[in-house]
Amino acid sequence: MSGPEGTRSGRRSLQVKFVPDEEVLKHIADDAGTKVRKDKAQLSVSVKRFVKKLENISDNEAQEILEEKSYVAVLGICAQDSVGNGSNISGGEVYSFQTPKRSSKMAELASELAQTPEQNAVSNSSKCPEKMAKTPQSSKLSMLNCLCFPGFMWAQVVWKCNLFKKKEFVSTTPYRLRKRLAAPDPYLESESEYSASCSEEEEDEEDQKEVSTVLSGEKTLGKTKAASTPTPRNSLAKKNKEEKMGSLVEEYFEAHSSSKVLTSDRTLQKLRKRRLNQQTLQELLKQAPLAYAAEIRDLSQQHESLFSKWMLQLHLGFNIVLYGLGSKRDLLEKFRTSLLQDSVHLVVNGYFPSITVRSILNSITEEVLDHIGTFRSPLDQLEFIIKRFKEDSSLELYVLIHNLDSQMLRGERSQQILAQLSSLPSIYLIASIDHINAPLMWDQAKLSLYNWLWYETTTFSPYVEETSYENSLLVQQSGSLALSSLIHVLHSLTLNARGIFRLLAQHQLEKKDNPSYPGLSFQDFYQQCREAFLVNSDLTLRAQLTEFRDHKLIRTKRGADGVEYLLIPVDDSTLTDFLEKEDEDV
Amino acid sequence: GCFVFKPSTKKRRLSEKTAHDFRSRSDDSEDTELRFVTCQSLWNQIKSETEQIQEDLNKQLLDNLVSFLNRSHSEFQEKTTEWTCRMKFREIPTAALVLGVNVTDHDLTFRGVADVLQDNITPYIASLEAKDCSGIKNLMQKLMGQLMKCDVDVDTLEDEDYVQVSQNRIRCSMSSLISWYESVTKKTDSETPSKKRNSSSRHWQSPPVVVIFKDMESFTTKVLQDFIVISSQHIHEIPLVLIFGIATSPMIIHRLLPHSVSSLLCIELFQTLSCKEHLSTIIDKLLLTSRFPFKLGEKVLQVLINIFLYHDFSVQNFIKGFQLSIVEHFYSQPLSVLCCQLVDVKKRVNSLSHDQCENIRRLPSFRRYVEKQESGKQIALLTNDTFLKEETEKLLEDLHVYHENYVSILRCLHVFTSSLPKYPLGKQIRELHCACLENRVWETEEYESSLQLARMLNKTDLVTMLQQCVEILMSSSGKEFDKTIEKLKEFLTQFQNLEEASQEQDVSVSSQKELQKKTDLYHLQKTLLELKESRRSKKLTKFEMLRFEVVDYIDSLVRKYLVPADDRTLHEIMYFNSASVLRGHLNAAPRTALHTALNNPHWYLKNQALKCDGGGISNKAPDICIVYKLHLECGRLINLVDWLEAFSTVVTAAEEPNADAASSDQVDDIIHARFIRAVSELELLGFIKPSKQKTDHVARLTWGGC
């Protein structure tokens with residue numbers, strides 16, 4: 001235990017030595033007998049004390065849990081505050097360990113959700129047995145699935161199976177599962193759920209775990225009964241808990257070590273679905289109505305009422321960070337337009353893929369401070385800025401950063417620089433974060449530089465701007481940039497060089513269905529070029545290739561056999577477009 | 001990605017602006033100005049107070065450090081044998097400052113150190129941080145830069161650009177550093193004595209060069225080693241002194257540096273006060289005093305202390321929390337205008353508007369107070385503003401008196417409880433304070449047991465405690481304590497008398513003597529039993545009686561003065577109690593908020609369609625919630641096609657519950673687009689990332705139910 005916790009821990013960690021109660025009682029009695037001076041009151045105190053100690057000894061573990069609970073409770077004081085954050089959720093719920101589920105689970109859940117248009121249907125009591133009973137059957141189900149049905153009918157089939165299953169559930173739920181459900185404690189319930197989901201494979205293993213849940217049930221019950229009568233079972237329960245933890249850990253590594261993946265092999269190509277590009281995506285989304293617009297407006301109005309408070313707190317030396325689900329861009333924009341019109345301010349779009357700290361610093365030095373000149377390093381630049389702001393107290397700057405946790409800004413050095421910037425008394429920073437692990441960017445030193453005040457601003461509005469730069473899997477890369485640069489470079493080359501490149505491109509397109517195509521080998525390429533009268537020696541070809549390489553038009557790599565392979569690092573559609581354009585030109 | 005916006009209009013002054021912000025939200029416009037001013041002045045007072053405390057606490061350390069530097073320096077000056085002896089071993093005098101884990105507070109300490117050294121020892125101070133010194137070259141650059149700059153500061157002169165140039169151009173090596181040092185010291189020598197006075201009155205002839213390594217642990221070993229080895233070569237030419245800032249333990253020096261290097265250092269250890277003690281002093285000086293009208297409520301204090309103990313050990317952060325509470329209190333409580341020194345109360349109460357009077361009437365504690373009055377007074381209080389003002393003034397005065405008494409009695413009680421075994425009411429006074437604020441302390445079990453323990457104290461302890469209590473009460477400003485002091489003094493004299501009387505009480509001793517006579521076992525047993533009987537039935541000795549009396553008296557004091565603040569009328573004006581606000585701003589849980597929003601959108605979007613009991617989620621939930629919920633069902637990898645299909649099943653069912661889900665096996669374009677959006681949002685939030693392991697798969701980044 002660390003020192004500063006001091007008395008708290010000191011008080012709790014009495015001697016952890018097991019003393020059977022008979023002995024203790026005897027000891028007390030003896031004491032009372034010999035120490036005649038002590039009066040009765042003292043006696044009762046000491047008895048209480050000893051009982052307390054006993055509790056500590058035997059029920060150490062339960063105490064631990066209780067302590068944890070009380071800690072959470074203390075920190076979560078008065079969580080029930082209108083639309084405050086959801087801090088009534090304990091950490092265990094957010095960071096809990098659960099076993100990975102089978103692939104069919106998603107479809108099951110989907111059909112389940114689809115099945116229940118009336119919201120009340122998904123109530124706790126009906127959901128729990130489903131979850132329990134699903135597990136033993138899921139393996140069977142997925143097997144069935146693999147054997148009999150081709151992919152495209154899959155979802156429907158699963159859905160129907162599920163219906164069928166649902167009717168059967170109640171009767172097939174094993175007796176012990178039902179018994180488990182009857183347990184009163186929510187804590188117990190969640191625990192048993194874990195072990196239920198653990199029991200995927202063999203029967204006997206399941207049985208073992210059964211024992212453990214029953215025991216843990218007893219443990220929790222015992223805990224509520226206040227441990228005035230310490231039972232020897234406690235140690236057993238503790239061991240059980242350890243075992244369970246161990247098995248959880250093992251399961252984690254099992255799930256992450258095995259290379260085989262339990263997902264279906266279907267791909268988007270088979271879906272006969274064209275890939276959408278960014279523009280059509282935007283258009284389509286515009287057609288889709290925004291759900292819950294009224295509620296979202298309510299939410300943002302709530303947040304907007306805080307604007308003047310933010311201003312006040314910014315001026316008092318705090319910086320403000322916004323978190324919560326939903327794009328906070330509009331909110332910050334509104335803040336900017338309504339309150340910052342009369343002051344110098346800097347807006348940084350962190351989600352922009354090419355943003356760097358350097359560009360932020362540059363825009364401060366060049367545009368805010370009107371400084372012409374360059375700096376050797378960002379640190380020098382920072383020093384300059386700090387100096388200027390310290391010299392001139394009338395200077396003040398508001399900095400709004402959308403997505404402080406974006407790819408480009410989350411690095412340690414960038415955060416350090418931004419933190420130092422924000423610690424200046426006349427720079428007011430207001431930023432938003434979205435990533436679940438964003439707070440991990442900051443250590444204590446940075447946090448104290450930032451001097452954050454956290455505001456939860458859940459808006460539920462879609463991240464339109466923020467995700468438009470994200471190279472999503474499902475969005476087709478337009479590749480227009482690559483295409484234009486290809487054409488541009490090629491136009492400046494000789495006719496022969498263009499022919500060479502064409503040859504390579506055509507060859508690559510022919511082989512586009514072969515996923516393991518390594519590229520065209522140099523010898524073959526040379527041969528082809530000779531045949532087309534494009535080069536006369538392999539030296540000229542090499543010179544040409546060097547030029548391509550310098551413009552990043554091709555990539556070479558050596559295969560396992562030492563042969564050089566040539567590849568154009570552009571996707572097939574762009575290449576096709578390119579060839580088409582070339583044909584037009586010629 | 002960066003856009004700068006510049007306004008064309010002229011800027012207003014900062015202070016006006018701040019006041020304006022304060023005003024703009026509050027509905028009652030009249031008092032806000034005053035409230036803001038009160039808030040600011042209070043905060044400034046508290047700030048200077050904390051700085052003072054910090055300074056006082058570090059005084060000892062700084063004195064030691066200064067004397068250490070003087071010593072190491074004087075030897076260089078006088079070229080004593082010891083110095084030459086040390087020179088032979090090329091040892092650099094080094095001070096290791098053990099500062100504790102609260103890294104955030106270190107800056108303040110170092111600033112203090114640098115200031116003191118600047119004043120007393122040397123103008124040549126360079127403080128280095130690990131982040132600037134990735135290599136020995138950077139370190140030297142930084143070092144020389146800082147030293148040259150302070151050179152400029154001392155001379156306050158001529159050609160700035162010369163220094164500027166030299167800084168960039170100079171070859172950063174030890175030899176150039178030495179030549180710089182020689183030139184500087186020579187310059188001071190050659191200067192006219194009159195000009196020299198101002199600097200050398202404080203500084204010696206050739207002042208040492210102090211290099212501070214602020215965060216020693218984060219430096220790369222190689223850089224440190226190189227620097228030490230190099231500078232030890234030149235120690236006879238330049239009087240270098242190193243100061244290491246250490247957050248963990250002094251052992252780290254030997255861990256970082258091999259023996260060959262650490263033997264070049266002559267290390268002396270300095271220990272700062274632990275952050276815990278620092279906090280105790282802060283609480284003692286800021287909270288347990290009647291100087292400041294503003295008080296923290298029990299829960300708020302608990303939250304702040306918990307953040308300190310469980311998260312960072314940072315006193316800075318504690319003070320920040322305190323500042324935030326002040327701002328919040330004055331911002332959100334319109335009546336906080338009355339939260340001022342007692343002398344101003346009368347004026348401010350008299351100038352209250354009718355609305356403010358209504359605000360007072362609305363306070364829960366005031367309503368409770370009104371209900372207790374007889375009906376005539378009740379009506380007057382509720383209808384007559386002037387009467388209300390008079391009453392308010394009286395109540396506020398009561399509250400002030402209550403504070404004064406509270407603090408004194410709390411300290412007295414702490415004297416008693418802090419010496420009891422196992423500390424049932426806590427060792428620190430802050431724990432006792434929390435317990436007293438929380439509820440009636442005399443109703444708690446801990447208090448009961450501590451009283452019982454107090455009834456068993458021996459006489460010397462009891463007497464010293466009583467003396468301490470008398471001292472505390474004497475020094476307190478409360479006026480009611482004259483009687484109490486008298487009473488305690490009376491107890492003390494009684495104890496004195498007891499001592500004199502005790503000589504006569506040798507009766508029991510005689511019975512002890514009887515035992516020493518030779519007897520057989522049977523008789524011994526019998527006499528022992530008799531003895532026991534007689535003891536049990538025997539009435540209490542005088543001392544015991546007196547002890548009981550003392551404890552009962554203390555108990556009565558506690559019951560009288562340590563009433564929890566919540567029971568006092570008008571406590572809302574002085575006490576800040578919204579702990580949840582404070583906690584939300586200081587110790588937020590962003591991930592929990594995301595979790596709630598995704599799992600239970602109804603928490604935020606108050607729409608009936610979203611309402612679900614029992615933690616489920618309706619199929620009408622926003623897209624991202626549905627996609628999230630579906631992805632929870634997957635393992636490490638997620639097949640996008642399956643995901644898309646599942647999503648479209650849910651969404652179509654939600655939109656047209658009657659349509660046959662099976663008929664549309666081709667996914668609608670709009671749904672496809674919505675799916676894409678939701679998935680990229682999840683990617684932005686960090687739940688998934690693209691995976692190359694299998695075509696059209698994404699990898700999950702969270703494990704388990706989150």
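This is a short walk through a predicted model with the chains A and B, one selection at a time.

**Stop 1: chain A as a whole**

Start by showing chain A alone. You'll find 26 helices and ten strands here. Color by burial and you'll see that 46% of the 586 residues in chain A are buried. Contacts in this chain often span long stretches of sequence: of those between residues at least 6 apart, 74% join residues at least 24 apart.

Now color by domain. Domain 1 of chain A covers 293-456, and domain 2 covers 475-585. Put a marker at the C-alpha centre of each of these two domains and the distance between the markers is 45 Å.

**Stop 2: a sheet with strands from both chains**

Bring chain B back and look for an open sheet of six strands. Reading across, the order is β6(A)-β2(A)-β5(A)-β4(A)-β3(A)-β1(B), and the pairing is mixed. Which strands sit at the edges? They are β6 of chain A, residues 452-456, and β1 of chain B, residues 2-5; each of them pairs on one side only. Ignoring direction, neighbouring strands in the sheet are turned by 15 degrees against each other on average.

Zoom in on the β6(A) end. Select residues 319-323 of chain A and you have β2, which pairs with β6(A) in the parallel sense over five bridges. For a landmark, pick Leu322(A): opposite this residue, in β6(A), stands Tyr455(A).

Next, add residues 579-586 of chain B. This is helix α28, and it lies across β2 and β6 of chain A. The helix runs at about 110 degrees to β6(A).

**Stop 3: rings in chain A**

Show the side chains of Tyr323(A), Trp442(A), Tyr450(A), Trp452(A) and Trp454(A). Ring pairs link these residues into a cluster.

Then jump to Phe522(A) and Arg542(A). The charged end of Arg542(A) sits over the ring of Phe522(A), 3.9 Å from the ring's centre.

**Stop 4: the domains of chain B**

Switch to chain B and color three domains. Domain 1 is made of 29-76, 88-151 and 206-273; domain 2 of 278-499 and 540-576; domain 3 of 590-656 and 666-700. How far apart are the C-alpha centres of domain 1 and domain 3 of chain B? They lie 53 Å apart.

**Stop 5: ring pairs in chain B**

Across all chains, the whole structure holds 31 aromatic pairs. Select Phe68(B) and Phe270(B) for an edge-to-face example, with 5.6 Å centre to centre and 70 degrees between the planes. This pair links distant parts of the chain: Phe68(B) belongs to helix α2 (residues 32-78) and Phe270(B) to strand β6 (residues 265-271), 202 residues apart. Are these two residues buried or exposed? Both Phe68(B) and Phe270(B) are buried.

For a tilted pair, select Tyr402(B) and Tyr406(B): 5.7 Å centre to centre, with 50 degrees between the planes. Both residues lie in helix α19 (residues 385-417) of chain B, four residues apart, or about one turn of the helix. Tyr402(B) and Tyr406(B) are buried too.

One more ring to visit is Tyr553(B). Lys487(B) lies over its face, at 5.8 Å from the ring centre.

**Last stop: helix α16 of chain B**

Finish with residues 354-362 of chain B, which form helix α16. Its buried residues are Gln356(B), Cys357(B), Asn359(B), Ile360(B) and Arg361(B). What covers them? Turn on α17 (364-372), α18 (375-383) and α19 of chain B, which are among the covering elements.

How values were computed
Residues numbered from 1 in each chain as written. Chains lettered and ligands numbered in written order. Predicted model: local features only at pLDDT ≥ 70, side-chain atom pairs only at ≥ 80, totals over all residues. Heavy atoms only, no water. Pairing = 2+ DSSP bridges. Helix = DSSP H or I, 4+ residues; strand = E, 2+ residues; numbered from the N terminus. Axes fitted to C-alpha atoms, helices over the stretch in contact; angles between N-to-C directions. Contact = heavy atoms within 4.5 Å. Domains from an automatic or database assignment. Phe/Tyr/Trp six-rings, centres within 6.5 Å; stacked < 30°, edge-to-face > 60°. Buried < 20%, exposed > 50% of the residue type's maximum accessible area, 1.4 Å probe, protein only. Lys NZ or Arg CZ within 6 Å of the ring centre and 35° of its normal.
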